[in-house]
Amino acid sequence: LRGLQFINDLPVELVDFDGIKEIITRELDEQITEELDSNYSEMYALLGLLPENSSLRDMYQSMIEEQAAGLYDPGDKKFYVVDIDIGSAIGNMLGFEGAFGDFASGFLEGFLGGMGLDMQSTIIVHELTHALDDQHFDIEATMEYLLTAESDDMQLAYQSLLEGSATKTMNDYVFSKMGVDTSVAQNLAGNADANIALTEGMMDYPALLKRIMVAPYLKGEEFVRYLHKEGGHEAVDNAFRNPPTSMEQIYNPADFIRSRDIPSVIEDPDMQSALPGWKKQASNTLGILLIGLMFEMSMNDKDYGDKIASGWDGDRITIWKSPHGDMAFAWCTTWDSADDAMEFYDAYLDFLDARFPSGTWATNWNGQAVYLFTGTASGIEIDGRDVVIVERVPENRVNACIEELWKTPIVYK
C-alpha cells in the first residue's frame, strides 16, 4: 500500500491511558517550553485566533489525549498501542457523550466489524505508516530542524505530508478490505474542504485547534493522493526527500509538482529602535491556513477567509513585549500581485473594525491607516505587493514602527 518495506524491526509496547498521557507529555515538553507556549498563545490571542489568557499547549495536549489510540514516537523509534476502547476514544474526540456517545461508539465499531475490520487495526496501519516513513526518511531529523525554523506554516506543511501519507495508506487498507476500488478513496479525498467542515462541526474545541488538527490529515491526504496519481510511490517519496515548505504547496499540489511555488522569504521585522525598551518574544510565519482562518473567524465565512489568503506569497511576524508587560506585534507580508495585496489590505481594515468596534480611525487614506483602540494604535500600509502591519503599540510610536517595517529585507521568489 505504501510501496516501502521496513528496514529495521519495530519495537511495540502496549500501554494504558495513563501511559500514553505520560508519553504525550514528554513529547510536548521537548517541543513546547512554558515560555514558547506563553509567547505563541499571546500571539494567537493578539491575532484573534485564541481567547485571551489561553494556553495553546494545554488545549492541544487535552485534544491529543482524548483521541489517542496509538502513537508512533520517531524519537525513540517505538510504536505504542493504547489498551483502551477505541470507539469511546473517537467518541470523545468528536464530543459524543452519554447514551448517544455509547451508541455512536458502538455504531462505528459495528460498522467496521461488519466489513471484517476493527478500529484498532485501522489506527495501527496509520501509525505503522509513520514508522515506515521514518525508517526511510528520518522524520525525527526533519522535525528537529523545523522546531528551529519558527514557522507554523512550514511545520503544518510537513505535518500534512506525514499525516497525508499515513491517512492515505490507512484508507486504502480499509477500502481494500471492503473490496472497493481505491478510486473511491481518491474521490472522497478530493472533497477535503467539505470533510474538514463536517469533522470540525462535530468537535468541541476552539477553531484554531480544530483546524490545525484536522487539516493536516484531510488536506494532507488530498495532497499525497495527487502526488501518487501523478507519479506513484516515487513522487510521494520525493516529497519526503524534499518536503513541502508551506501550506500553499499542500493546497496546490499541481504547483508543487511543477515548480514547487517557493514562498518569498522575509526576515524578522525589527522594532527595537522604534520601540525602545521592548523585547522580541517570538517570531513566526503564519501562511495561508492561519491567515485564512483569521478572516474566516472574523466574518464567520470560510470562503471569504480562503479568498483573502489565496494570494499569499510570504509573511513574517514578530511579537514584542514592553517593560510594563504590554504586548504588540509587527507583521510584514507579501502577495502574488498588487491586487492580492490590496484585497488583503482592505480586508484587514474590516478585520480591525470587526474585532474592535469601539475603535476610531485616526488616518485612513491612500494606502495608509492608523486605528486607535483601548489606548493603543495599529498601523497598516501597502506598497505594491507588500503590506506591513503593527498592532497595539503606543500611538506616538506607530509611525516610527511602520517606517522600520519597510526596512525589513525580503527575498522575492
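Okay, a contact here means two residues with heavy atoms within 4.5 Å of each other. Keep that in your heads for a minute, and also that what you're looking at is a predicted model.

So, where do the contacts go? Take the ones between residues at least 6 apart in sequence: in this protein chain, 69% of them join residues at least 24 apart.

Now the general layout. The protein chain has 413 residues, and 53% of those count as buried. Its secondary structure comes to 17 helices and 12 strands. On the outside, the chain exposes about 18200 Å², with carbon and sulfur atoms supplying 51% of that area.

Let's go inside. In soluble globular proteins, nonpolar side chains tend to be buried together. Here, the largest nonpolar core holds 84 residues, and the ones touching the most other members are Trp331, Phe344 and Tyr348. Which helix gives the most to this core? That's α11, residues 207-241, which puts in 14 residues. Apart from that core there's another one, made of 19 residues, including Trp320, Ala400, Cys401 and Ile402.

Last stop, a bit of strand pairing. Find strand β8, at residues 360-365, and strand β9, at residues 368-373: they run antiparallel, and five bridges join them. If you want one pair to click on, try Trp361, whose bridge partner in β9 is Tyr371. Together β8 and β9 make a hairpin, with two residues between the strands. And have a look at Asn366 in the turn, because I'd like you to spot its phi, which is positive at about 50°.

Okay, that's my tour.

Notes: Residues are numbered from 1 along each chain as its sequence is written. This is a predicted model: local features need pLDDT of at least 70, side-chain atom pairs count only at pLDDT 80 or more; totals for chains, interfaces and linings use all residues. Side-chain values use heavy atoms; hydrogens and water are left out. Helices (H or I, at least four residues) and strands (E, at least two) are DSSP runs, numbered from the N terminus. Buried means under 20% relative accessible area, exposed over 50%, partly exposed in between (1.4 Å probe, protein chains only). Accessible areas come from the Shrake-Rupley method with a 1.4 Å probe; for residues, only the protein chains shown count as cover. A nonpolar core is a set of buried Ala, Val, Leu, Ile, Met, Phe, Trp, Tyr and Cys residues joined through side-chain atoms within 4.5 Å. Two strands pair if DSSP finds at least two bridges between them.
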